[in-house]
Amino acid sequence: MRVPVLAANWKMFKTNREALAYVREISTLARTVSGVEVVVAPPLTSLATAVEAARNTVIGIAAQNLHFEKQGAFTGEVSAAMVKEAGAGYAIIGHSERRRLFGETDQSVNRKLQAAIAANLGPIVCVGETLDEREANQTLAVLDRQVKDGLDGLTAEQVADLVIAYEPVWAIGTGKVATAAQAEEAHAHIRGRLRQWFGGDAADRCHIVYGGSVKPDNIAELIREPDVDGALVGGASLDVKGFSEIVLRSQGKA
C-alpha cells in the first residue's frame, strides 16, 4: 500500500528563525502519528536550518526548485548537487507558479527531473491544467502531455519512486478546490497512463498527491479516494497547527 505523503510548500515565506520553530514543532507532532510521510519545503535560505532542525526525526526536507545544470554561469540558481549537499532529500519540480511566472516548460521540467534523480533527490513533479483548459475539456489531454514529456526517458523503476502532484492551476491560492471526484478522475487518469507507459508495478508504487487549496476541512474527503496518495499543501501549510491538522486527518489510509 502507498503511504500518504503530506508536503508543506512554504513558497516565499518564513525566515530562518520561523523555519526553525516550525520544523521543531511539526517534528514533535510527527512522533505521535503513523501511516503518513511528512515533508517540508522551506525557501532556499532556510533549507539548511530546516535540515538541521529535522535531523533524527521522520520529517523530510525538500527544495522548492533547482537548476538542471551541474554548475555554470546561472546567477541566482542552485544545482541539484548543492541542494543534496545542503541535506535535502526531495525537490519540488515544475510547480505551476514556476511554469506560469518563470517560463518553465515540460522540457525544462524533464531536465530538472533527470538532474534530481542523478543527485539522489526524491522529485515531487507537478502537473495540472489551467481554468481555460478545464473549461475547454482539455484537462486529460494536458495531463497526458505533461506526464509524457515531463517523464520522458525515465525508467519504470525511477517512475515508481516519484511523487507526482496533480495541482489544477485554477485551484491554487484561489480558495477553490477540485471536488474529490474531480481529483480522483485526474489521478486515476495519470495512474492509467503510467501503467500504459511504464508498467503496472511503476503505476501502483508511484505516489500521486493532490495540490490546490488543501485545508483541514477538505483533506479527509480527498484522501479517501483510492488514487489520492496525499497532498502538496501551499497556503494552509504556513500555519503549523493547520498543517498538523491536515497530517492528523490523513493518517492511517494505508
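**View 1. Asn56 and the end of helix α2.** Right after α2 comes Asn56, with a positive phi near 65°. Helices here are DSSP runs of H or I with at least four residues, strands are runs of E with at least two, and both are numbered from the N terminus. The model is a predicted one, so local features need pLDDT of at least 70, side-chain atom pairs count only at pLDDT 80 or more, and totals for chains, interfaces and linings use all residues. Residue numbers start from 1 along each chain as its sequence is written, and side-chain values use heavy atoms, with hydrogens and water left out. As background for that phi, most residues other than glycine have a negative one.

**View 2. Helix α2 and what covers it.** This helix spans residues 47-54, and its buried residues are Leu47, Ala50, Val51, Ala53 and Ala54. Down the axis of α2 they fall within an arc of 165°, so they line one face of the helix. Buried means under 20% relative accessible area, exposed means over 50%, and partly exposed is in between (1.4 Å probe, protein chains only). The arc is that of the directions from the helix axis to the C-beta atoms. The cover over the buried residues of α2 includes α1, β3 (60-63) and α3 (80-85).

**View 3. Thr57 in the loop after α2.** Thr57 sits in the loop between α2 and β3. With a relative accessible area of 28%, Thr57 is partly exposed. Its C-alpha is 13 Å in space from that of Gly87, and the two residues are 30 apart in sequence.

**View 4. Lys14, a loop residue with positive phi.** Lys14 belongs to the loop between β1 (5-9) and α1 (16-30). Its phi is near 85°, which is positive for a residue other than glycine. Lys14 counts as partly exposed, at 22% relative accessibility.

**View 5. Ser213, another positive phi in a loop.** Look for Ser213 in the loop between β7 and α11. Phi of Ser213 is near 55°, again a positive value in a residue other than glycine. At a relative accessible area of 13%, Ser213 is buried.

**View 6. The buried face of helix α11.** Helix α11 covers residues 216-223, with Asn218, Ile219, Leu222 and Ile223 buried. Seen down the axis of α11, those buried residues stay within an arc of 130°, so they line one face of the helix. The general geometry helps here: an α-helix has 3.6 residues a turn, so residues three or four places apart point the same way. The partners that the buried residues of α11 pack against are α9 (180-198), β7 (207-210), β8 (230-233) and α12 (240-250). Packing is judged by contact, meaning heavy atoms within 4.5 Å.

**View 7. Zooming in on Leu222 of α11.** Leu222 is a residue of helix α11, and it is buried, with a relative accessible area of 3%. Leaving out residues up to four places away in sequence, Leu222 touches Val177, Ala178, Thr179, Ala180, Ala183, Tyr210, Val214 and Val228. For scale, the C-alpha atoms of Leu222 and Lys84 are separated by 32 Å, with their positions 138 residues apart along the chain.

**View 8. Helix α12 and its neighbours.** In α12, the buried residues are Val240, Gly242, Phe243, Ser244, Ile246, Val247 and Ser250. They pack against β1, α1, β2 (37-41), α11 and β8.

**View 9. Asp144 in helix α7.** Helix α7 (residues 139-150) holds Asp144. Asp144 is buried, with a relative accessible area of 17%. Not counting residues up to four places away in sequence, Asp144 touches His189, Arg193 and Trp197. Asp144 and Ala54 are 90 residues apart along the chain, and their C-alpha atoms are separated by 36 Å.

**View 10. The whole chain, as a backdrop for the close-ups.** The protein chain has 12 helices and eight strands. Its radius of gyration is 17 Å, close to the 18 Å from the globule rule for 254 residues, so the chain is as compact as a globular protein of that length. That radius is taken over C-alpha atoms, and the globule rule is 2.2 Å times the number of residues to the power 0.38. Along the principal axes, the C-alpha atoms fill a box of roughly 45 × 45 × 35 Å. Of the 254 residues, 54% are buried. Among contacts between residues at least 6 apart in sequence, 72% join residues at least 24 apart.
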